[in-house]
Amino acid sequence: MEQTVISARLRDLLARARNVLVLTGAGVSAESGVPTFRGGGQSAVWKGMPFDVISSARMLERDLSAVWEWFNYRRGLLATLNPNPAHHAISQWQQRFANLSLVTQNIDGLHQAAGSRNVIELHGNIWRARCFECNSRQELPELRADCDVPVCTDCGGHLRPDVVLFGEMLPPGAFELAAHEAEQCELCLVVGTSAVVYPAASLPEIARAAGAYIVEVNPEPTPLSAACDEVLSDKAGEVLPLL
Ligand code: APR
């Protein structure tokens, strides 16, 4: 297979950049076995419901236990999976660059499992729950196959997955922090996202407007590709360790 060509300009930036932003999507976890949402044509369906129906704010109101059953199923899948070389490469970049900002749309926790810290999670995390009453966040270490609604250990209220569902706003502050880092970065790497879901997809645009060099890593073209300074059309697990 043909080796990915990395430009001299990118090599130079990788050697001297201080502020680097990495934005990841489902594609960075694809080589770990996590299904993507759109790339590859098909989209996930659960018990006859498309993922954007079962993963929606409306479903939370209509049938909370069905939502828990879906997320317990997904956690069961994820628990067997491990970070891949792309996750590991990014976690090592924390020592390499003075200021590395890692922003992810993924809820799978694989960046943290690879050792990345201070991950800006735009869409929440499947290993956490949040209380409807007191809004406290709680870790969900154990796996459950049932559809019981867990209760808050602080106030006894019902818990919901601490994940941004369709029809919901992002967690307060997460996007603002990511946008601030995008305005400061010299190099922005966009890895494994179809770049169609906003506001996450606006981050490379913010970085570009601030003069950053934009690099896309994705085996398939996206709406962002034409606006990038460099496109590495290959799998993240094969390209990122080369950078
Ligand atoms: N390496 C890099 N990119 C890959 C790989 C790989 N090994 N495999 C697939 N991809 C690319 C696909 O070509 C596609 O462009 O990853 C992208 C995945 O796109 P989506 O499935 O749309 O995932 P993402 O962009 O993260 O979706 C954004 O949408 O459904 C919501 O909340 C969900 O966070 C998600 C958001």
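**View 1. The shell around the ligand mixes nonpolar, polar and charged residues.** By class, nine of the residues here are nonpolar, 10 are polar and four are charged. In this grouping, Ala, Val, Leu, Ile, Met, Phe, Trp, Tyr, Cys and Pro count as nonpolar, Asp, Glu, Lys and Arg as charged, and the others, Gly among them, as polar. The model you are looking at is predicted, so local features need pLDDT of at least 70 and side-chain atom pairs count only at pLDDT 80 or more, while totals for chains, interfaces and linings use all residues. Residues are numbered from 1 along each chain as its sequence is written, and side-chain values use heavy atoms, with hydrogens and water left out. In total, 23 residues surround the ligand (a residue is near if one of its heavy atoms lies within 4 Å). The closest are Phe37, Arg38, Thr193, Ser194 and Asn218.

**View 2. Polar contacts reach oxygen atoms of the ligand from His123, Gln105 and Gly192.** A polar contact here is a pair of N or O atoms within 3.5 Å. Look for His123, where a polar side-chain atom sits 2.9 Å from a ligand oxygen. Gln105 uses a backbone N or O atom, 3.2 Å from an oxygen of the ligand. For Gly192, a polar backbone atom is 3.4 Å from a ligand oxygen. The ligand has 740 Å² of accessible area on its own, and the protein covers 93% of this (Shrake-Rupley method, 1.4 Å probe).

**View 3. Six strands make an open sheet with parallel pairing.** Follow the order β5-β4-β1-β9-β10-β11. Strands (E, at least two residues) and helices (H or I, at least four) are DSSP runs, numbered from the N terminus, and two strands pair if DSSP finds at least two bridges between them. β5 (120-121) and β11 (230-232) stand at the edges with a single partner strand each, so one side of each has no neighbour in the sheet. Inside this sheet, β1 (residues 19-24) and β4 (residues 99-104) pair in the parallel sense over six bridges. Leu21, for example, has Ser101 in β4 as its bridge partner. Helix α5 (residues 85-96) packs on the sheet and touches β1, β4 and β9 (contact means heavy atoms within 4.5 Å). The direction of α5 makes about 150 degrees with that of β4; such angles run from 0 to 180 degrees between N-to-C directions of lines fitted to C-alpha atoms.

**View 4. Three strands form an open antiparallel sheet.** The order is β7-β6-β8, and the edge strands β7 (137-139) and β8 (159-163) each pair on one side only. β6 (residues 124-131) joins β7 over three bridges, and Arg128 stands opposite Glu139 in β7.

**View 5. A cis peptide bond joins Tyr198 and Pro199.** Its omega is about 10 degrees. You can find Pro199 in the loop between β9 and α8 (203-209).

Definitions and conventions. Polar contact = N/O pair within 3.5 Å; in protein donor to acceptor, adjacent residues only side chain to side chain.
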